[in-house]
Amino acid sequence: MAMLRLSLMLLLGAALLFGQGKSAGKGKSRSGDPGAPAKQAVTHPAFRDAEIRILLDFYRPGSGNLPPGIARKDEFPPGIMKQIARGKGLPPGLANKLEPFPPPLARQFPAPPPGYRRMICGTMALLLEDSTNLVVDAVSLVQ
């Protein structure tokens, strides 16, 4: 019985010793800095499902609240509207054509996170980063 315990302890010790990988005994973490915190994934705010339902309900056909891109035909060329995508900046010249949410719609939303704003651009509702005009989230208002 003592021999079995001794062999199990030796096996366990060997597994711990050799299981450390390439940096065994060097005291380095994977990031290279032993005291560095683990990197966090960068997350951005986005339109929640309830907010998307509010937007689509507000701009549904027959509601009398047509999106600016439909109310004024040919305001933005389709090629420009296709360039508006999550993670990209606004196309040149489009920043001055953004419109804030209409007051009856804006009242249904909580304040945007600090450093962000919600705007309407043609037939899209956008969540933008203030400093860079980066499109953080986009919702098509026409289904």
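**Exercise 1.** Asp137 has a relative accessible area of 4%; work out whether this residue is buried or exposed, and which partners its side chain has.

*Solution.* Keep in mind throughout that we're looking at a predicted model.

- Step 1: place the residue. Asp137 sits in strand β4.
- Step 2: use the cut-off. Buried means under 20% relative accessible area, so Asp137, at 4%, is buried.
- Step 3: look for polar partners. The side chain of Asp137 has a polar contact with the side chain of Arg86, at 2.6 Å. A polar atom of the Asp137 side chain also lies 2.7 Å from the backbone nitrogen of Phe47.
- Step 4: list the wider surroundings. Skipping residues up to four places away in sequence, Asp137 touches Ala46, Phe47, Arg86, Ala125, Leu126 and Leu127.

**Exercise 2.** Now zoom out and describe the whole protein: how many helices and strands does it have, and in what pattern do they follow each other?

*Solution.*

- Step 1: count the elements. You should find 5 helices and 4 strands.
- Step 2: read along the sequence. The pattern is α-α-α-α-β-α-β-β-β.
- Step 3: check burial. There are 143 residues, and 26% of them count as buried.
- Step 4: turn to the surface. The accessible surface comes to about 10,100 Å², and carbon and sulfur atoms hold 60% of that.
- Step 5: see how far along the chain contacts reach. Take the contacts with a separation of 6 or more: 52% of them are between residues 24 or more positions apart.

**Exercise 3.** Glu51 forms a salt bridge with Arg118; find out which parts of the protein this pair ties together, and whether each residue is buried or exposed.

*Solution.*

- Step 1: check the distance. The closest N and O atoms of Glu51 and Arg118 are 3.7 Å apart, and a salt bridge needs them within 4 Å.
- Step 2: locate both ends. Glu51 is in helix α2 (residues 49-58) and Arg118 is in strand β2 (residues 116-121), so the bridge ties together parts that are 67 residues apart in sequence.
- Step 3: check burial. Glu51 is buried, with 5% relative accessibility, and Arg118 is buried too, with 13%.
- Step 4: look for a third member. Arg48, Glu51 and Arg118 are linked in a network of salt bridges. On top of that, the Glu51 side chain reaches the backbone nitrogen of Arg48 at 2.9 Å.
- Step 5: add the contacts. Leaving out neighbours within four places in sequence, Glu51 is in contact with Ala46, Phe109, Pro110 and Arg118.

**Exercise 4.** The protein has 5 salt bridges; take the pairs Arg60 with Asp57 and Arg117 with Asp130, and say how accessible their members are.

*Solution.*

- Step 1: start with Arg60 and Asp57. Their closest N and O atoms are 2.9 Å apart. Arg60, at 41% relative accessibility, is partly exposed, and so is Asp57, at 45%.
- Step 2: move on to Arg117 and Asp130. Their side chains meet at 3.5 Å, N to O. This pair links distant parts of the chain: Arg117 in strand β2 and Asp130 in the loop between β3 (124-129) and β4 (135-140), 13 residues apart.
- Step 3: check accessibility again. Arg117 is partly exposed at 25%, and Asp130 is partly exposed at 38%.

**Exercise 5.** Hunt down the aromatic pairs: how many are there, and how are their rings arranged?

*Solution.*

- Step 1: know what to look for. A pair of aromatic rings is described by the distance of the centres and the angle of the planes.
- Step 2: count. The whole structure has 2 aromatic pairs.
- Step 3: take Phe58 and Tyr59. Their ring centres are 5.0 Å apart and their planes stand at 85°, so this pair is edge-to-face. Phe58 is buried at 12%, and Tyr59 is buried at 6%.
- Step 4: take Phe101 and Phe109. This pair is edge-to-face as well, with 5.4 Å between centres and 70° between planes. Both residues are buried.

**Exercise 6.** Asn133 isn't a glycine; what is the sign of its phi, and where does the residue sit?

*Solution.*

- Step 1: recall the usual case. Most residues other than glycine have a negative phi.
- Step 2: read the angle. Asn133 has a positive phi of about 60°.
- Step 3: place the residue. Asn133 is in the loop between β3 and β4.
- Step 4: check burial. With 19% relative accessible area, Asn133 is buried.

Definitions and conventions. Residues numbered from 1 in each chain as written. Predicted model: local features only at pLDDT ≥ 70, side-chain atom pairs only at ≥ 80, totals over all residues. Heavy atoms only, no water. Helix = DSSP H or I, 4+ residues; strand = E, 2+ residues; numbered from the N terminus. Buried < 20%, exposed > 50% of the residue type's maximum accessible area, 1.4 Å probe, protein only. Contact = heavy atoms within 4.5 Å. Areas by Shrake-Rupley, 256 points an atom, 1.4 Å probe, with all protein chains shown as cover. Phe/Tyr/Trp six-rings, centres within 6.5 Å; stacked < 30°, edge-to-face > 60°. Polar contact = N/O pair within 3.5 Å; in protein donor to acceptor, adjacent residues only side chain to side chain.
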